[in-house]
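Here are my notes for someone opening this one for the first time. Have the viewer ready and go through the points in order.

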Amino acid sequence: MERVEVDHGSMPDWQSVRVFLTLHRCGSFRSAAASLGLSINSIRRRVSDLEARIGAPLITRHIDGVRLTAEGRAILEAASRMEAAAFGLMLAGDAAPFAETGEVRIAVTEGLGAFWLAPRLVEFQRANPRLTVDLRCAMESADVLRLEADVSIQLTRPTSPDLRMVKLGRMHVMPYAARSYEQIYGLPEKPADLARHRIVVQAASQTIRLEDYAKGLEGFPAEIPVTLKINVSSAYYWAIAKGAGIGLLPTYATAIGAQVVPVDNLGRTSLDIWLTYHPDAERIGRVRRVIDWLRSSFDGSRYPWFRDEFIHPRDLPSRIRGETLPDLFAGFTGMSE
C-alpha cells in the first residue's frame, strides 16, 4: 500500500472533510463528483490532501466503488460531528436579527411546485418583498439535515428522527383523460377495458407505479399498452391534457383549466404530503414565515382536495370556500383546448 506522508503542520480543512463524507455516502468518485459539482480529479486531490493531513489512507478503491479503511471508519464519526458543527454555525448566523431578509430554499416535487406552489408565490412575495424564494422542483427528496434545502415538501414519509416533519395533507389520485381522447377512443368502463386503450405513465421517484396501482384493482389486465413514459410531472400532465392517453393525476387536475375528465370505475389511491425541515429552522424568521405560508397553502378547509377524505372532482366546486376554481387557477386557462 502506498505510504502516506503525514502533514503535522495544519488541521484538516472543512472542504476536504465535506468531500470525504460525500464520497463515503455516494460510494464512488463519479457519484460524488456529480453531487458536489466538482471534477473527479478535484475529488481525488481533496481526499489525498485529507489523507496526508490525517497521516493514513482513508479509502480503498474497488471495482464497485470505494470502501473505508479502518482509519477512515475511525474518523467518519468525527467528520460527521464537524459537519453538524458547520451547519450549526450557518444556522446561528441565519438566526441573527439581520436574517429577516435573504433567501429561503424550498425543495418540492415537480408537480406540486409547478402547478400549486409557483402560482401562489405571488401572494407570498407581495407580503414579504425583501425575501427571495429559491423554488427547487425535482422528484428526488432533498436532504434538509445537510442543508440541501431549508424546507422540503415530499410524497415519501421522512425516516430520520432528527427532522421536524408535518403532514400537510393528502394527494388523491385517479385516472384522467383529455376530452379530445374521449371523443376519439371513448373511456373504459371497467379495468379490463384498459387493454384496448392508450396508457401514459410517469416514471420517476415519489410517483405511483402502475403495477402498484393495479394490485388493488380487480380485473386489471395482465398487459397494459403503455404508449408513453415521462419522467417529469409538467410534461406528463401536458401529454394527458393533449390526448396522448389515460394517466394518473391528482383530483384537483380538473380545476387547472385543461380539458381533462376523471375516469370512474378504475379505482383511486392517495399519497400523504410531508413538510420537513431542520429542527433549528423555525428559529430563523424568514424560514418560519415560509413554513407558515406552506402550511396555509395546503389547508384542507380552504382547499378540500388536500383533505384526508376523498372528494370526487365533480363535487369540488361546491366545496370551495371563498374562491371559485377558475380564480384559484387563473393563468392556466390557456392550457384548455
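1. Start at the end of helix 1. Gly27 comes right after this helix and has a positive phi, near 90 degrees. Helix 1 itself runs over residues 14–26. At 1.5 Å a residue its 13 residues should span 18 Å, and the end C-alpha atoms are 18 Å apart, so expectation and model agree. Its buried residues are Ser16, Val17, Val19, Phe20, Leu21, Thr22 and Leu23.

2. Before going further, keep in mind that this is a predicted model. Mean pLDDT for the protein is 81, with 84% of the residues at 70 or more. Residues 1–9 are a weak spot: pLDDT is below 50 there, and the stretch has eleven contacts beyond near neighbours in sequence. Residues 333–337 also stay under 50, and for them the model has 16 contacts beyond four places in sequence. Where pLDDT is low, the predicted coordinates should not be read in detail.

3. Now the overall picture. The protein has ten helices and eleven strands. Of its 337 residues, 46% count as buried. Take the contacts with a separation of 6 or more: 76% of them are between residues 24 or more positions apart.

4. Helix 5 deserves a slow look. This helix covers residues 110–127, and at 1.5 Å a residue its 18 residues should span 26 Å; the end C-alpha atoms are 24 Å apart, which agrees. Helix 5 also bends by about 45 degrees at Leu117, with a proline, Pro119, following within four residues. Among its buried residues are Gly111, Gly113, Phe115, Trp116, Arg120 and Phe124. Leu117, where the bend sits, is on the buried list too.

5. Step back one residue from helix 5 and you meet Thr109, in the loop between strand 3 (102–108) and helix 5. Is Thr109 buried or exposed? Its relative accessible area is 3%, so Thr109 is buried. Leaving out neighbours within four places in sequence, Thr109 contacts Ala138, Met139, Ile153, Gln154, Leu155 and Gln206. Arg136 is 27 residues away from Thr109 in sequence, with 8.3 Å between the two C-alpha atoms.

6. Next, the empty space. Rolling a probe the size of a water molecule over the atoms shows where empty space is left. How many cavities of 30 Å³ or more does a search of the whole structure find? There are two, and the largest has a volume of about 520 Å³. The lining of the largest cavity is made by 35 residues, and those nearest its centre are Val173, Gln202, Tyr236, Leu248 and Leu249. Elements giving two or more residues to this lining are helix 5, strand 6 (164–178), strand 7 (199–202), helix 7 (210–215), helix 8 (233–241) and strand 9 (247–250).

7. Helix 8 is worth following from there. Its buried residues are Ser233, Tyr236, Tyr237, Ala239, Ile240 and Ala241. Those buried residues pack against helix 5, strand 6, strand 7, strand 8 (226–230), strand 9 and strand 10. Just after helix 8, Gly243 takes a positive phi of about 95 degrees.

8. Strand 6 has a residue to check as well: Arg164. With a relative accessibility of 41%, Arg164 counts as partly exposed. Beyond its neighbours within four places in sequence, Arg164 is in contact with Leu275, Thr276, Tyr277, His278 and Pro279. Arg164 and Leu275 are 111 residues apart in sequence, yet their C-alpha atoms are 8.1 Å apart.

9. Two loop residues to finish. Thr254 lies in the loop between strand 9 and strand 10, and its 31% relative accessibility makes it partly exposed. Not counting residues up to four places away, Thr254 touches Tyr176, Val260, Pro262 and Pro313. Thr254 is also 8.5 Å from Arg314, C-alpha to C-alpha, with their positions 60 residues apart in sequence. Asn265 sits in the loop between strand 10 (260–262) and strand 11 (269–277). Most residues other than glycine have a negative phi, but phi of Asn265 is positive, near 70 degrees. Asn265 is exposed, with a relative accessible area of 56%.

Note on methods. Residues are numbered from 1 along each chain as its sequence is written. This is a predicted model: local features need pLDDT of at least 70, side-chain atom pairs count only at pLDDT 80 or more; totals for chains, interfaces and linings use all residues. Side-chain values use heavy atoms; hydrogens and water are left out. The expected span of a helix is 1.5 Å times one less than its number of residues. The bend at a residue is the angle between axes fitted to the seven residues ending there and the seven starting there. Buried means under 20% relative accessible area, exposed over 50%, partly exposed in between (1.4 Å probe, protein chains only). pLDDT is the predictor's confidence in each residue, from 0 to 100. Contact means heavy atoms within 4.5 Å. On a 1 Å grid over the protein atoms alone, a cavity is a set of points where a 1.4 Å probe fits but cannot get out, and a pocket is an open set with protein on both sides within 12 Å along at least five of seven lines; lining residues have an atom within 4 Å of a point. Grid points are joined across faces, edges and corners, and a volume is the space filled by probe spheres set on the points.
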